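Ready for a few exercises at the bench of your screen? Keep the sequence and the structure open side by side, and try each task before you read its solution.

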Amino acid sequence: MTDQRADDAALGETGSIIDLGMPVPGGAFDEHHPPDAALIGDCVHCGFCLPTCPTYVLWGEEMDSPRGRIYLMKEGLEGEPMSDSMVSHWDACLGCMACVTACPSGVQYDTLIEQTRAQVERRHERSTKDKALRGLVFSLFPYPKRLRLLRGPLRAMQATGLDRALRRTGLLDKLSPQLAAMESLAPRLGKPEKLPTHIAARGERRAVVGLLTGCVQGAFFPGVNAATARVLQAEGCDVVVPRSQGCCGALSVHNGREPEAQDFARRLVDSFEGSGVEYVVVNAAGCGSTMKEYADLLADDPSYAERAKAFAERVRDVSEILDELGPVAPRHPLELSIAYHDACHLAHAQGVRAQPRRLLEAIPGLELKEIAEGELCCGSAGIYNVVNPEPARELGDRKAANIVATGAQVLVTANPGCLMQVTSAIARSDHPMGMAHTVEVLDASIRGVPASSLLPD
Amino acid sequence: MDEAVAAVAAVEAVTRRARELLPADAVVTDRARLRTYECDGLAHYRVTPALVVLPRDAAQLAGVVRACAEHQVPYVARGAGTGLSGGALPHAEGVLVVTSQMRAITDMRPEDQRAVVEPGVINLDVTRAATPHGYYYAPDPSSQQICSIGGNVAENSGGAHCLKYGFTTNHVVGADFVTPQGETVALGGIAPDSPGYDLLGAVVGSEGTLGIVTSATVRLVRLPEEVRTVLVGFESTDHAGAATSAIIAAGIVPAAIEMMDALAIEAAEAAVHCNYPEGAGAVLVIELDGAAVEVEQEYAEVERLCHENGSFEQRLATDPVDRALIWKGRKSAFAAVGRISPDYIVQDGVIPRTALPEVLKAIADLSGDSGVRVANVFHAGDGNLHPLVLFDDSVDGAGEAAEKVSGAILDLCIEHGGSITGEHGVGMDKSKYMPRMYNDDDLDTMQLVRCAFDPDNISNPGKVFPTPRLCGEVPGRKKGAPPLQEAGLAEVF
């Protein structure tokens, strides 16, 4: 046995991957919710997460894989200081959670990366430029009113062709690739549709639901909210749209801005409490996944912990609730071939894959096509495509190529971020196709709108 | 101390050369980044490498190896880092050469049943690329979705379907190979066999100790006309083992016969909800493939033999989704054990199939006596056992107790005329067991082969062999250089 000990000493360190409780002082993390050592210990280093990780697929480097990022967390707990290089690898994570789906050991990477990001935001000094960009994003995106103010100038630019002219100059690219990315993602804006606060069910009432109108969804894709309300109404739901609602905090949670996220969450809980709704329906995957985890987000707040839990239990993606209720409104045929893109925060984070497919396949005449490498993120990932435009663009182009290869006429997905990202990637690929949210397709079928309405002009 | 200083200087020299040869982001020296490469799939051995390089092509890789040779710096090759014997454990004063960015399938020639791939290509991606042409790549380690061909070649990897189709060595016909001197040579070819010494055969399974493969020409196998996968529940591993022997004795060679015991089933169930028969003490996953008429007939026979040997449930996968779920349970079993135990050792040993009931009984006794839980997953068809020895490292002495049971299992394999590894390789983990299988003469002979390729002992040193002898030290009783060399008639290359 002593020989073996000597052998082991020559090997360097042995033993389980981590056996620490609390972070070592001087290391990357402090004691306020550091990445959980026990959760890190769940990782057996098998590598099954690697091929599903977008950054590993792009770069093939250990430190840009879930396994490597968890290893960096372990290093941080063991006393390795929070260096720029460490942070750059955590920042490069899209938070798509494909690794959580792939992991046979059940490692809760989602929790670990959120804990890590909150520490990074508190403890890491970002560059002035990075801070300014993040400041701009977070003073804009989570505020529906500010986003709506932006609509006017954007529409004017699009109507006059100024946006295309600006893009041609490459001026923004030179000033900041991140700002250029933000500009190129802005969708073509239609007329805003404002929803009433109460919409009565058509026919027999089967449920009373609240509708989250969201920030980006509401400002840039008001048609999706309108379609959601019409479909819910047609399927027998009373729809309540509280005016007081604001941002759900998803973007903040996913970027480690914990206190800001908690404020948003508390306000949203307040808005829907007392509205008498059985469910809170969400049509944006990123928002839904965050709202389902409010119990964790507000666990430390005694006055909200219980209420957050009750709220989270009522949250449903719109495809979940429609699938659960089953169709009552008759469907008109839509002669269309559709490629359905799984939004990461719907498929990986919420496990919602079958429901939207079932709803779409039930439409007469509609043909559903699967996209190769479907588990791979499109590169949108919240604000990722704004702060990390290069990898996001590569992933977007890869996704666009796989989508185009299906030969489908319309791309359908259930998240505004994906929709913007894929739209701009498809535009670059020069294979024009229609873009729609799942509920817009259902709405067209229920209303008997011709299939051509979903196709590009 | 001087030696340590010299080693640092040598690594610095290689680093400078690597920076000239490789893109900036392909040369890793930052400590936090280096540490993410400390271990492969066997995470309880960890060494921080002095330098990590990620070459984009064979020329870059060969250039780094040449620099290593020039400065006498040890190097270790690593693919996806999924190995389970610590074969890619880095060297503290050496370079880790990572092939994960050399991942192009450079040629796909279904008409010749051949594909040419770089070492970083993921095993399953070869099959994905070949499937549209009606072919696939047969060796399928459980980690096929992530492990790379380079690692497969180094370890001579097997997998569930090796029972019928053979191991990696049966599917690699040629390779470009970088010697420890940094020279690139072609081994084998496109033809099924090359005249002369089978140097390719020596390289496949050499665990990176002879050099690094930078391109492999692999054989593609025609997709079978019919595949039937059946999941069979038994009361005990004895019954399942008897059924396995009966099937082989009947002259049937299934594509795979896999066994899992109750504990392994519990883990897989927790991880992937594979819905295996409830209350089973063991399950067999049997896959038959080939011409439809043949499969039909064999299936009837298998069904009967399982029934005669006490199966209580047989479930035939009727579509690809069912089949995938059955396999998912089996293929995720190793990692899934993480759900039922904080730490575990994946053991890998081989026994004659007929000794299965006896050895399993002995393993159960070992487990009972020591209180260390052992889950069993194995390729029953070819007697390749994968006992999973469970422990909790936060409990004092638990690691040692598990290590002891794990070692005793290997002793059992050797006693029954088997081997200390079926497919995971010797690596770092099992070098200490080599003397139990081989005598000194055997080991010395293997050293001579190694010295012929790597006289300076810089290619993955310290792996496979327990006490690595320097090539200057001539093994055995003879002293001095070999007579032919002494006479100036030959030289060690």
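Below are four exercises, each followed by a worked solution.

This is a predicted model, in which local features need pLDDT of at least 70 and side-chain atom pairs count only at pLDDT 80 or more, while totals for chains, interfaces and linings use all residues. Residues are numbered from 1 along each chain as its sequence is written, chains are lettered from A and ligands numbered from 1 in the order in which they are written, and side-chain values use heavy atoms, with hydrogens and water left out.

**Exercise 1. Domains 1 and 2 of chain B**

Task: Find the domains of chain B, then describe how domain 1 meets domain 2.

Solution:
- Step 1. Start with the bounds, which come from an automatic or database domain assignment: domain 1 covers 2-98, domain 2 105-222, domain 3 226-415 and domain 4 433-486.
- Step 2. The C-alpha centres of domain 1 and domain 2 of chain B are 23 Å apart, and each of the two domains brings 14 residues to the contact (heavy atoms within 4.5 Å).
- Step 3. Buried area is the accessible area (1.4 Å probe) that two parts lose on being put together, summed over both. Here it is about 1100 Å², with 65% from carbon and sulfur atoms. On the domain 1 side, B:Leu61, B:Tyr75 and B:Thr82 supply 33% of the area buried, more than any other three residues.
- Step 4. Now look for polar links: there are 0 salt bridges (a side-chain nitrogen of Lys or Arg within 4 Å of a carboxyl oxygen of Asp or Glu). One can still find 1 residue pair in polar contact, both at pLDDT 80 or more. Such a contact is a pair of N or O atoms within 3.5 Å; within protein, one must be able to donate a hydrogen and the other to accept it, and residues adjacent in sequence count only if both atoms are side-chain atoms.

**Exercise 2. Where chain B touches chain A**

Task: Which elements of chain B give two or more residues to the side that touches chain A?

Solution:
- Step 1. Chain B puts 47 residues into the contact and chain A 42. About 3500 Å² is buried between the chains, 50% of it from carbon and sulfur atoms.
- Step 2. B:Arg35, B:Thr36 and B:Arg46 provide 19% of what chain B buries against chain A, more than any other three residues.
- Step 3. The rule finds 17 residue pairs in polar contact across this interface (both at pLDDT 80 or more). The elements asked for are α2 (31-35), β2 (45-46), α12 (333-336), β17 (343-346) and α14 (398-415) of chain B. Helices (H or I, at least four residues) and strands (E, at least two) are DSSP runs, numbered from the N terminus.
- Step 4. With 4 residues, α2(B) gives the most.

**Exercise 3. A:Glu80 and its partners**

Task: Which residues of chain B form salt bridges with A:Glu80?

Solution:
- Step 1. There are 4 salt bridges between chain B and chain A.
- Step 2. One of them joins the side chains of B:Arg31 and A:Glu80 at 2.9 Å, N to O.
- Step 3. A:Glu80 also forms a salt bridge with B:Arg35, the closest N and O atoms being 3.0 Å apart. This pair runs from the loop between α4 (66-77) and α5 (84-91) of chain A to helix α2 of chain B.

**Exercise 4. A hairpin in chain B**

Task: In what sense do β9 and β10 of chain B pair?

Solution:
- Step 1. Strands β9 (residues 172-178) and β10 (residues 184-188) pair in the antiparallel sense over 5 bridges; pairing requires at least two bridges found by DSSP.
- Step 2. B:Gly174 stands opposite B:Gly188 in β10(B).
- Step 3. The hairpin has 5 residues between the strands, and B:Gly182 takes a positive phi near 90 degrees.
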